[in-house]
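Student: Could you take me through one part of this model closely, going strand by strand and then outward to whatever is attached to that part? I would like one connected account rather than a list.

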Amino acid sequence: MNLMRNTLAAGALLGLQALLLPLAAHAAATADKCKFEITGNDLMQYDKTQLDVPGDCAQVTVTLHHAGKLPAQAMGHNWVLVNTADLDAVANAGMAAGLQNNYLPPGDKRVLASTKVVGGGETASVTFATATLKKGGAYTFLCTFPGHNALMRGKFKFG
Ligand code: CU1
């Protein structure tokens, strides 16, 4: 009797899983196109020069990996999103803010999204809403470690 009840319950559970699994897979696929990975190295480079974000991503996650060996003090990297027009100003203000502030002025409204600064072997991630971004707007990502943005920058296309 107990066995039969258990078998029935297990069968019902399996049926439920069969119903839910395709839904979960679909949700994951939808979210994945809004998640991006970018890697920095000890040669002051990102491995990507452009990120293409679909316009229906309500939020975006960017995960920055540092594939190098140098510490953050020597070769730190972050990932910072700005309006392209603000790039130089944010890079200069970031330099002055120092490593203790992740090379970004605290509370700077020109910073649309940012990770902390990481050193070799470390990873940092940021998730942000796209509600304030304009589709087709001119956005650039950069590393604000002093001097890095000359090489470490790229286009952030949304929409
Ligand atoms: Cu950097």
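**The sheet around strand E7**

Tutor: In this predicted model, strand E4 (residues 80–83) and E7 run antiparallel and are joined by four bridges. One pairing within that contact sets Val80 against Leu142, its bridge partner in E7. On another front, E7 is joined by four bridges to strand E8 (residues 153–158), and these two strands also run antiparallel; here the bridge partner of Tyr139 is Phe156 in E8. As a general point, the strands of a sheet pair through backbone hydrogen bonds, in either a parallel or an antiparallel manner.

These contacts belong to an open sheet of five strands, whose order is E2-E8-E7-E4-E5 and whose pairing is mixed. The edge positions are taken by E2 and strand E5 (113–114), each of which has a single partner strand, so that one side of each is left without a neighbour in the sheet. For E5 that partner is E4, and the two pair in the antiparallel sense over two bridges, with Leu81 standing opposite Ala113 in E5.

The side chains of E7 (residues 139–142) deserve a separate look, since both faces of the strand are covered. Tyr139 and Phe141 lie on one side, Thr140 and Leu142 lie on the other, and all of these residues are buried. Two of them have already appeared as bridge residues, namely Leu142 as the partner of Val80 and Tyr139 as the partner of Phe156.

Moving on from the strand, one comes to the copper ion, whose protein donors are His77 through ND1, Cys143 through SG and His148 through ND1, lying 2.1 to 2.2 Å from it. Along the chain the donors follow the spacing H-x65-C-x4-H. His77 and Cys143 thereby link distant parts of the chain, for His77 sits in the loop between helix H2 (72–75) and E4, whereas Cys143 sits in the loop between E7 and E8, and the two are 66 residues apart. Both His77 and Cys143 are buried; Cys143 counts as buried because its relative accessibility is 0%, where the cut-off for that term is under 20%.

The edge strand E2 leads to a further link between parts of the chain, a disulfide that joins Cys34 to Cys57 with an S to S distance of 2.0 Å. Cys34 lies in the loop between helix H1 (2–32) and strand E1 (35–40), and Cys57 lies in the loop between strand E2 (50–53) and strand E3 (59–66), so the pair ties together parts that are 23 residues apart in sequence. The link of Cys34 and Cys57 is left-handed, with -85 degrees about the S-S bond, and both cysteines are buried.

The loops that hold this disulfide also border E1 and E3, which brings in another open sheet, one of three strands in the order E1-E3-E6 with mixed pairing. Its edges are occupied by E1 and strand E6 (123–129), each with a single partner strand, so one side of each is left without a neighbour in the sheet. From one strand to the next, the twist in this sheet averages 20 degrees. E1 and E3 pair in the parallel sense over six bridges, and Thr39 stands opposite His65 in E3.

Methods
Residues are numbered from 1 along each chain as its sequence is written. This is a predicted model: local features need pLDDT of at least 70, side-chain atom pairs count only at pLDDT 80 or more; totals for chains, interfaces and linings use all residues. Side-chain values use heavy atoms; hydrogens and water are left out. A disulfide is a pair of cysteine sulfur atoms within 2.5 Å. Buried means under 20% relative accessible area, exposed over 50%, partly exposed in between (1.4 Å probe, protein chains only). Two strands pair if DSSP finds at least two bridges between them. Axes are lines fitted to C-alpha atoms, for helices over the stretch in contact, and angles run from 0 to 180 degrees between N-to-C directions. Donors are N, O and S atoms within 2.8 Å of the metal (3.2 Å for Na, K and Ca); water is not among the atoms, so sites may look incomplete.
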